[in-house]
Amino acid sequence: MLPKPKKIRNVYLDHAATTYMDKRVLAAMQPYFSEIFGNPSSLYAEGRKANGALNDSRRAVAKLVNALPENIIFTGSGTESDNMAIYGIARAHEKKGKHIISLPIEHHAVLNPLEDLKKHGWEITYVKVNDQGLVDADAVIKAIRPDTVLISIMYANNEMGAIAPIAEIGRKLLQYRKANNSAYPYFHTDACQAAGFLDLDVEKLHVDLMTINGSKIYGPKGVGMLYIRRGTPIKALILGGGQERRLRSGTENIAGIVGFAKAFELVQTAKEEESARINKLVEYLWQKIQKEIPKVKLNGPAIGPQRLVNNLNATFMDIEGEALLLYLDEYRIMCSTGSACTSESLEPSHVLTAMGLPYEYSHGSLRFTFGHCNSKSDVDYLMKYLPLIVETLREMSPVKLAERQHAKYK
Amino acid sequence: MNQEPLKKEDMSQPVDIRGQDGGGWLYSDIVKDHFFHPRNFMQYGEDEKFKFNGMGRVGSPACGDEMVLWIQVDPETEKIKECRWRTFGCGSAIASTSVLSEMITENEGMKVDEAVKIKPQDILARLGGLPDRKIHCSVLGDKALQAAVNDYFRQTGQHNRIITAGAKVVDKVLNITDHDIEEAVLEGARNLEDVQKKLKVGVGDPESIPAIEDLIRFYTEKYYG
């Protein structure tokens with residue numbers, strides 16, 4: 001019933017899920033599998049070579065976030081870094097207090113550890129976000145209590161791209177600490193989605209801990225890092241040989257770390273240019289959607305400085321996201337939905353729900369996230385079929401019947 | 001696209017939708033066929049013309065699925081001559097309504113007395129199965145059909161034939177009765193969470209939850225106690 005395309009095109013619009021690896025990254029990693037294979041802890045030449053690569057990578061990454069090399073801890077993923085920040089601070093400071101501040105729109109790598117801590121007597125304050133998913137810096141500061149030891153707020157949201165005012169919160173937090181003559185609370189940000197597009201200077205952001213991973217920045221999967229500011233006591237979660245300043249034991253994943261450092265360097269160097277290019281594509285797509293598809297609502301902040309440049313999340317009313325994904329997949333267009341039908345829990349997106357979006361809106365949401373491989377032709381290909389798919393599913397949907405108050409409809 | 005990050009499988013293969021837990025699930029070819037080529041749905045412009053004498057509606061978009069079924073019953077033979085439907089929901093919800101519409105109208109139509117005996121399992125079998133957590137979708141199809149047949153009985157003044165026999169509606173939003181809870185327990189559900197996975201009961205009608213939990217306890221005791 002829908003037209004078959006003459007030429008099928010792979011259109012990957014799910015860069016917030018993960019990215020393919022940049023070929024330059026792969027090339028940088030190549031020698032560290034079979035040739036330079038040594039354990040960085042070994043004294044002999046083979047070990048020293050590996051250790052040299054590790055140190056070079058650490059220096060390169062540190063420079064990109066304006067930190068010292070010893071402040072960078074390499075981990076196994078963004079999730080591990082988030083867990084390390086939360087449990088590590090919680091365990092080191094529970095005598096001071098058992099209260100943490102966060103947002104309801106965080107990634108599950110933050111939310112699930114927080115919910116777990118709750119079972120052990122911790123109290124968590126989730127500061128409300130507005131209907132665009134934005135948080136007010138003052139509201140975060142106001143939530144601080146004498147027993148608050150940590151604030152954890154993601155830099156840019158993975159589902160609808162809202163950018164939190166991290167630098168502003170950081171500045172106000174410094175003022176709070178000064179006024180109260182306290183080192184608390186510490187400040188963590190999950191910057192996984194932001195890493196490809198935003199400035200990550202920890203001195204400008206005033207964060208004490210920052211999570212980044214490789215799989216969203218055209219780097220390898222299975223590598224992450226946690227920046228830990230000097231003078232931020234933290235307990236290790238993984239004990240063993242004492243690698244990474246005893247904070248993360250386990251023989252270092254040299255190839256992965258080299259690849260991560262290379263990928264991070266590449267995206268950070270090209271971020272202005274790439275942001276401008278992608279911004280044009282996102283605006284082009286959104287204009288086309290608004291022009292060609294009725295009854296669509298943008299989820300998250302308006303396209304602009306408060307929204308991550310590569311993210312477009314919209315609800316197509318009266319229809320359901322998984323059905324949309326299946327049709328799009330027939331045309332090999334790849335994107336995501338906040339619908340319950342694709343989730344394990346059969347619950348719609350917690351992010352959209354926290355923004356006050358009714359369930360029926362979340363069910364019909366689609367997320368497009370752009371990246372390196374996308375061009376205007378991708379948007380044109382998508383928009384050749386998306387209006388037809390939406391129309392087909394709407395024709396099958398009873399929802400608008402209720403709106404039209406059909407004469408025979410009871 | 002200047003790179004080819006992903007190679008997709010042949011389009012004739014079943015669709016593999018991955019859950020967040022990383023485990024895959026598969027839609028059968030039959031499901032895919034009905035999803036991409038739905039039969040008997042109410043097309044634009046048809047709603048004014050299509051003659052029906054029974055209509056059933058279950059679910060709500062807030063719950064994730066909503067289904068409307070219109071049936072045209074021949075009062076002489078009591079066979080369902082034609083039907084139309086509209087469904088808001090995921091791939092399996094659309095496919096299961098489509099396959100149900102085929103089941104009740106093929107071979108010159110099913111008698112209403114037979115039609116109301118269609119169980120979710122019958123729809124599932126015809127679809128070649130569904131992924132576990134998608135089964136709740138097809139449960140709506142038989143509910144919509146029963147509601148449509150009851151509506152036919154109502155419209156033709158046969159109130160005595162309306163099927164409530166022994167069934168007590170516990171969830172008014174989804175028209176789920178105590179019989180459905182019993183069925184779910186027989187299928188292996190042991191607590192509210194299990195039953196909700198199958199039926200979504202109580203999601204749209206939270207007030208019904210205590211009564212549902214009582215029923216689960218009762219039937220678990222009865223069959224497995």
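Accessible areas here come from the Shrake-Rupley method with a 1.4 Å probe. I am working with a predicted model.

**Chain B, surface**
I looked up the accessible surface of chain B. It comes to about 10200 Å². Carbon and sulfur atoms hold 49% of that surface.

**Chain B, inside and fold**
I then checked burial. Chain B has 225 residues, and 52% of them count as buried. Next I listed its secondary structure: eight helices and seven strands. How much of the contact set in chain B joins residues 24 or more positions apart? I took the contacts with a separation of 6 or more, and such pairs account for 58% of them.

**Cavities**
I searched the whole structure for cavities of 30 Å³ or more and found seven. The largest has a volume of about 140 Å³. It is lined by 20 residues. Which of them lie closest to its centre? I noted Gly196(A), Phe197(A), Lys216(A), Tyr218(A) and Asn310(A).

I sorted the lining of this largest cavity by class. I got 10 nonpolar, seven polar and three charged residues. I also asked which element gives the most to the lining. The answer is helix H10 of chain A, residues 271–292, with three residues.

**Confidence, chain A**
I finished with pLDDT. Chain A averages 94, and 95% of the residues score at least 70. One stretch caught my eye: over residues 404–410 of chain A, the pLDDT is below 50. In the model this stretch still has 17 contacts beyond near neighbours in sequence. My reminder: where pLDDT is low, predicted coordinates should not be read in detail.

Notes:
Residues numbered from 1 in each chain as written. Chains lettered and ligands numbered in written order. Predicted model: local features only at pLDDT ≥ 70, side-chain atom pairs only at ≥ 80, totals over all residues. Heavy atoms only, no water. 1 Å grid on protein atoms, 1.4 Å probe; cavity = no way out; pocket = protein on both sides within 12 Å on 5 of 7 lines; lining within 4 Å. Points joined across faces, edges and corners; volume = space filled by probe spheres on them. Helix = DSSP H or I, 4+ residues; strand = E, 2+ residues; numbered from the N terminus. Nonpolar A, V, L, I, M, F, W, Y, C, P; charged D, E, K, R; others polar. Buried < 20%, exposed > 50% of the residue type's maximum accessible area, 1.4 Å probe, protein only. Contact = heavy atoms within 4.5 Å. pLDDT = per-residue confidence, 0-100.
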